[in-house]
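Visitor: May I request a close look at a single part of this model, one where a surface side chain can be followed outward into its surroundings? A connected account with explicit cut-offs would be preferred.

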Amino acid sequence: MEFVLRRLAMFKFLRTKLTLLYAALFGVTLILISVAVFSAISSAAQRQVRGELTASGTVFDRVWSLRSEQLRQGAALLSRDFGFREAVATRDQATIVSAMENLRARLRIDLAFIVGVDGQVTAADSSRLTLRADDLVAAMYESEAPSGIFVLDGMPYQMIAAPVMSPDLIGWVVFAARLDQTEMSALERLAAIPLDASVAHRTKDGWVSSETISQADMASLAAFIEKAVAARITAPRTLNTSAGKAIALVKPLPVLTAGETADLVLSYPVSRAFGPYRPLLAIIAGSGLLGLLLVIYGSWTLAKSVTRPISALDEGARRLQRGEDAHVPVESQDEIGRLAESFNIMATEIRERERRITHLAHHDPETGLPNRLALEKGLDILRAPGDEGLFVAVLGVDRFAHVRGAIGYAPAAQVIREVGERLAGLQPRGLVARLSTDVLALAFEAGSEAAAEALMLHLLGDLEQPLHIGGDAIDVALTVGLAPVLATDAPGATIERANIGFDQARAARCKIAFFDAEAYGDPSSNLALMSGMLWAIRSGHIELFHQPKFDLRARTVNAVEGLVRWRHPTRGLLRPDLFIPMAEETGHIRTLTDWVLRQAIEDQAKLAQHGHVVEMSVNISGRLLGDLDFADLVDRMAPQAVGKLCFEITETAVIENPEVALQVLDRFRAAGVLISIDDFGTGLSSLAYLKQIRGHELKIDRSLIMDVTESQRDALIVRSTIDLAHSLGLKVTAEGVEKPDAFQMLAAMGCDAIQGYLIAKPQPLHELLVFMRDDEERKRRFG
């Protein structure tokens, strides 16, 4: 098996393929030439044999005629002899036999006898002739000069008969020559080629040949003869025998007895015809084999000389792939030599480009300082197992955007470069890198966190000295985030922690801060929380609670707000302000809102079934105000609501894309959905957007309601807000009402509805149904 695999592997080499190609082409050419030569020789040999067979057939015709004439003259001479006729007439058997034997010996014939008109045969051995006497008499009467083939004891004879008259016909003198293999051999010697001659005759028992052949060959020969006689074919044709193909000629012979046929068959084996050409064919085959070997040797030598520099180029390419020197020697000036020269030029240019690319990959193109990748590789080299004295500091230039806007992009980049070079000069053993536009990083060694913080404070004193850019002095202020390099963490993780420490330092408005893991929390856990939210919706862990709204004019609950609650299997009841913002950031808010909308419509229908037709409010994220697909969903689902459906939005949600948001809000209103402006009083409230959002309700945020009874300022703001909303045609709902005195004050200010723990906490649907049954008690309590 290993040997076979090695041989198969050889076919991967170009020199092997070239050698095989040339050898195959030469072999095919040689085969075609051999076929052409063999065909020509075969055609010439068969043509010659056919000619000789035709000539031999003509010779046989002549020999047959001469022999027949000889026999006829001898028989006629004997039949006219007076004494012989008298002996025949008197039946003098001794005289007849003596005379006929004398003449048979002189003429060298095989048989001589007398057939009387009564069928009596007179001969030296008349016993075997008597058996066919009747056939002989019948044949004599049918012709005046009987002549032809007569089969006796299975052997064909050439017979001639002459009548004996005394004075009437008293019998016939018959002479016969046996056509056995000896006679055929004599005939074969008359031909120019060593052909085979035989006589095949058909009797009532079948075909018989003068030569000994198998039954299969006899059947094939019989079919060949019958076809030739029937079609009167006189030209030689191909005969299939057990010994191979032969070229045969059929010559029909005359017969004496009716119902029998006889034919002379002259044949010549095709293999014998190629005998004279075998030396020539052997020479051609030997020459071809020698030529093939020479072609293989020459092709292998030529292919090896061609593929050697190609192999060198291949090895050079592999070295180039591994980043090694890939110079290939140029050994010739032909195409391959020029290819090798071009390869060397290419390898040199690739090495130069790789050097430039490597430099660009590890350096910031704007400042020339090392980048984050260079810092990570450097940290990977510097840190050692068990070494806890390595730290990463992330330094950000404060108010860099303002500096860049004041002096321009190029000078601002120069500021970063100067700070980086100054930092590298102050800490020559550290690694300096630029992480982003206004952020640098330093990897350095220190004995402890306190020592690292002290070192950075000392460095800040020098780093924040004014820089001179273009002749102008520029003050620089820096904020630093620190993180120790842990042996178990990747370098990138340390840089991330230092970055977060930098953000925490800026948020705390301090110069230096270490990364605080507790303050940062666990983002991976929150991300896992989001991945499980879809499962929570399907499994029922996310529920829709409802908080009632109390109508101060009707003194009843005629509206509820649907609020999402998540009962996590391991973390308990999750606050909406934990997962709702994350759902907005991760894109899950659409899936959550679709579920809330369907559930709210379903719960509203269940409330109606119990006799409580209420307005159902649902909070809509500002992210969905630009989602036209969500608007299409609302168009389909709003008509299914039993009662009014209200969407609570914040006015700041319209600010991001006001044109699309207002268009979507118009579609909500066209679908019959009420619009409520939520959380009014927080963020950047804009009267312009308040005017454009054509809602039906304004909800005052709980931050203004909490101190409305204690702060005259808050009370004035709330009353002004209620008056403003009423002047714009909006109903007013106060959120977060928890005290009875706040309830009384809001009612006195003209507030339309209140919502808060004073009325009811958010509760699941089954508790809400119980709550709604106590409407009379609420009227007495808040009446």
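Guide: The part chosen is Leu302, which lies in helix α10 (residues 278-321); helices (H or I, at least four residues) and strands (E, at least two) are DSSP runs, numbered from the N terminus. This is a predicted model, in which local features need pLDDT of at least 70 and side-chain atom pairs count only at pLDDT 80 or more, while totals for chains, interfaces and linings use all residues. Residues are numbered from 1 along each chain as its sequence is written, and side-chain values use heavy atoms, with hydrogens and water left out.

With a relative accessible area of 45%, Leu302 is partly exposed; buried means under 20%, exposed over 50%, and partly exposed in between (1.4 Å probe, protein chains only). Leu302 joins Leu21, Tyr22 and Leu25 in a nonpolar surface patch of about 370 Å². Such patches consist of residues with over 30% relative accessible area and no salt bridge, like charges being joined within 9 Å and nonpolar side chains (Val, Leu, Ile, Met, Phe, Trp, Tyr) within 5 Å. Helix α2 (residues 14-80) is the element that gives the most to this patch, with 3 residues.

The patch belongs to a protein chain that exposes about 40700 Å², of which carbon and sulfur atoms supply 56%; areas come from the Shrake-Rupley method with a 1.4 Å probe, and for residues only the protein chains shown count as cover. Of the 783 residues in this protein chain, 43% are buried. Its secondary structure comes to 29 helices and 26 strands. The radius of gyration is 63 Å, well over the 28 Å that the globule rule gives for 783 residues, so the protein chain is more spread out than a compact globule; the radius is taken over C-alpha atoms, and the rule is 2.2 Å times the number of residues to the power 0.38. Along the principal axes, the C-alpha atoms fill a box of roughly 185 × 85 × 45 Å. Among contacts between residues at least 6 apart in sequence, 63% join residues at least 24 apart, a contact being heavy atoms within 4.5 Å.

Helix α6 (residues 133-142) shows how burial can be arranged around an axis: Ala133, Leu136, Val137, Ala139 and Met140 are buried. Seen down the axis of α6, these residues fall within an arc of 165°, so they line one face of the helix; the arc is that of the directions from the helix axis to the C-beta atoms. Exposed Asp134, Tyr141 and Glu142 occupy the face of α6 turned away from the buried side.

A single buried position is Thr721, at 7% relative accessibility, in helix α26 (residues 712-727). Leaving aside residues up to four places away in sequence, Thr721 touches Phe680, Leu698 and Ile700. Gly259, by contrast, counts as exposed at 64% relative accessibility, and its place is in the loop between β9 (244-253) and β10 (261-269). Although Gly259 and Lys204 are 55 residues apart in sequence, their C-alpha atoms are 7.4 Å apart.

Charged pairs complete the account. A salt bridge is a side-chain nitrogen of Lys or Arg within 4 Å of a carboxyl oxygen of Asp or Glu, and by this rule the count comes to 28. Glu349 pairs with Arg353, their closest N and O atoms being 4.0 Å apart; the two are 4 residues apart in helix α11 (residues 335-362), separated by about one helical turn. Both are partly exposed, Glu349 at 43% and Arg353 at 38%. In helix α12 (residues 372-382), Glu376 and Arg372 are likewise 4 residues apart, about one turn, and their side chains meet in a salt bridge of 3.1 Å, N to O.

Another pair spans two helices: Arg667 forms a salt bridge with Asp632, with 2.6 Å between the closest N and O atoms. Arg667 lies in helix α23 (residues 658-670) and Asp632 in helix α22 (residues 628-637), so the pair ties together parts that are 35 residues apart in sequence. Elsewhere, salt bridges that share partners join Lys549, Glu561, Glu648, Glu697, Lys699 and Glu735 into one network.
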